[in-house]
Every structure is written in structure tokens, then in C-alpha cells.
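Colleague: I am new to this structure and should like to understand the terms used to describe it. May I ask how each label is justified?

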Amino acid sequence: MINKDLFVPLEREILQVQKKEETLGYWQDAWIRLKKNKMALLGLIIIVCLIIVAIFGPIFSSHTYDEQNLMMTNSSPSWEHWFGTDNLGRDIFIRVLYGARISLAIGIVASLLNLFIGVIYGGIAGFCGGKIDRIMMNIVDILYSVPTLLYVILLMVILKPGLINIFIALGIGYWLQMARIVRGQILSMKEQEFILAARTIGVSKKRILFRHLLPNAMGAIIVTMTLAIPDAIFTEAFLSLLD
């Protein structure tokens, strides 16, 4: 028998806590780390400048994408034509900016697919585990076994060639690698002590996944997204030869 006299309930004390410095959030801490890395900050500035020029550059230009001037064919770079002209007298600089828009659209679509479909799909598979995990990852394995190029060729046979087909092909198979990586991260973290503590105090499964697990896997997610964006742009450049 346990002697109840050995257990004395403690009274809740009222403490006057001085104002403390607010705890930094995940994104605030990430921004501080980014500002300390000068090369990464320089790269971010260059990317932002390229995006701004690609979006707004053609608006302020006196030349258009398909404007032809046969008197100015294959001219050298000048103040009027910064990158020169092609064999039809079209301004190459403006055409490069329009091409940059397409490449940026491909990169944004790829990153959004990775972020929303791949992260959520892989997170749910890794967190639920068991039969649900096996079924979901078998679907990933089936889709992953078919090359993206084959998706695009089949879509070109069924639909008209174009940018929409590339978006659909990316939507079918581009998030699979992200789903695998996120699943592996979730499987390695869901048995750790801080997740056990969250379950002990009654935190819901949804909050554990989106509040505790996925933010702690953000490092691998960001790296995968960063590598996926140029990969998608190069894929689009290659597939454009098939149009």
C-alpha cells in the first residue's frame, strides 16, 4: 500500500515574471541566419533582380517579342539592341526576357508542387505509417517508375504541344522525390522525445504533423526545393525541343 501522507499537493504560486525577450520564430531565425551569410544574401538579391527584370522589362521596352526588322539582321550588341538581333532582325534581349518568364513559371510550378503535394503527401505517409504508408508509397513507386519524358510524349499525343502539357507532366511526377524525402524525415523524427511529449499532453495529430514534424524537416525540404527548381527549368528547356 502506498502511504498517501508521503504525497503532498503543491499549491500554485503566483509569480511575477519580468518581461522577457520574445522567442524568435522559425522564419525569423532563418532570416537572421540568411543575413549573416553574405554570399547567400547576394544570390537572393540577384535572383530577385532577375525576376523583376523578366516581369517588368518588356513593358518599358520599345521592342516586342515578334517584331522583325530585316534591315537589322544579325546585328552586334548596341544601345538599341543590348544582345543584338537574330537572323530575322528580332531583338534578342526581349526574347530572352520572355523566355525567362517561361522558365520562372516552370520553376514556381515545380516548387509549389513540391511544397504542397510532395510535403503533405510524404508527411502523412510517414506520420501514419503501417498500412496507409505502404499503400501511399506503393503509389509513389508506381509513378516514379515511369520517366517524366514519357508522360510528356503521351500528353503531346493526346493534347496539343505546349506549356500546359509540361505543367501537367510536372504535376504527375515531379513531387515524388520530395514525398520520399519528407517521409524519411518524418519517420526518423516521430519517435523522438519531443513528439512523445506532445502526444502525452494531448496535442492533436494534425498539430503534431504541421506544427512540430514538418517545421523540423524544413531544412531538407528547402534544399530539395532549391535543387528541384533548376532541374525543372532544364527539363523544360529540353522538352521544348519536342514541341
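Modeller: Let us begin with the aromatic residues, bearing in mind that this is a predicted model. Trp82, Phe83 and Phe93 form one aromatic cluster. In total, the structure holds three aromatic pairs.

Colleague: Why is the pair of Phe83 and Phe93 called edge-to-face?

Modeller: Two rings pair if their centres lie within 6.5 Å, and the centres of Phe83 and Phe93 are 5.0 Å apart. Planes over 60 degrees apart count as edge-to-face. The angle between the planes of Phe83 and Phe93 is 90 degrees, so the label edge-to-face applies.

Colleague: What makes this pair a tie between parts of the chain?

Modeller: Phe83 belongs to the loop between α2 and α3, whereas Phe93 belongs to helix α3, so the pair ties together parts that are ten residues apart in sequence.

Colleague: How do you know which of the two, Phe83 or Phe93, is buried and which is partly exposed?

Modeller: Buried means a relative accessible area under 20%, and exposed means over 50%. Phe93 has 18% and is therefore buried. Phe83 has 43%, which lies between the two limits, so Phe83 is partly exposed.

Colleague: Why is Phe238 called partly exposed?

Modeller: Phe238 has a relative accessibility of 48%, so it falls between the limits of 20% and 50% and counts as partly exposed. Phe238 is found in helix α10. Its C-alpha atom is separated by 9.6 Å from that of Leu149, a residue 89 positions apart from Phe238 along the chain.

Colleague: What makes Arg101 and Arg180 count as charges over a ring?

Modeller: For Arg, the CZ atom must be within 6 Å of the ring centre and within 35 degrees of the ring normal. Arg101 lies over the face of Tyr98 at 5.0 Å from the ring centre. Arg180 lies over the face of Tyr144 at 4.3 Å from the ring centre. Both distances are within 6 Å, so the distance condition is met in each case.

Colleague: Tyr144 also lies nearest the centre of a pocket, among other residues; which pocket is that?

Modeller: It is the second largest pocket, which has a volume of about 300 Å³. Its lining has 18 residues, and those nearest its centre are Tyr144, Gly173, Tyr174, Gln177 and Asp231. Two or more lining residues come from each of α4 (130–144), α5 (148–158), α7 (176–189) and α10. The largest share, five residues, comes from α10.

Colleague: What is known of the largest pocket?

Modeller: The largest pocket has a volume of about 940 Å³. It is lined by 26 residues, and the closest to its centre are Ile47, Ile51, Met225, Thr226 and Ile229. At least two lining residues are supplied by each of α1 (26–36), α2 (38–56), α3 (92–128) and α10 (218–239). With eight residues, α3 gives the most.

Colleague: How are the residues that line each pocket divided by class?

Modeller: The lining of the largest pocket has 19 nonpolar, four polar and three charged residues. For the second largest pocket, the division is twelve nonpolar, five polar and one charged.

Colleague: Finally, how many helices and strands does the protein have?

Modeller: The protein has ten helices and zero strands. Of its 243 residues, 28% count as buried. Among contacts between residues at least 6 apart in sequence, 61% join residues at least 24 apart.

Methods:
Residues are numbered from 1 along each chain as its sequence is written. This is a predicted model: local features need pLDDT of at least 70, side-chain atom pairs count only at pLDDT 80 or more; totals for chains, interfaces and linings use all residues. Side-chain values use heavy atoms; hydrogens and water are left out. On a 1 Å grid over the protein atoms alone, a cavity is a set of points where a 1.4 Å probe fits but cannot get out, and a pocket is an open set with protein on both sides within 12 Å along at least five of seven lines; lining residues have an atom within 4 Å of a point. Grid points are joined across faces, edges and corners, and a volume is the space filled by probe spheres set on the points. Helices (H or I, at least four residues) and strands (E, at least two) are DSSP runs, numbered from the N terminus. Ala, Val, Leu, Ile, Met, Phe, Trp, Tyr, Cys and Pro count as nonpolar, Asp, Glu, Lys and Arg as charged, and the others, Gly among them, as polar. Rings of Phe, Tyr and Trp (its six-membered ring) pair if their centres lie within 6.5 Å; planes under 30 degrees apart count as stacked, over 60 as edge-to-face and the rest as tilted. Buried means under 20% relative accessible area, exposed over 50%, partly exposed in between (1.4 Å probe, protein chains only). Contact means heavy atoms within 4.5 Å.
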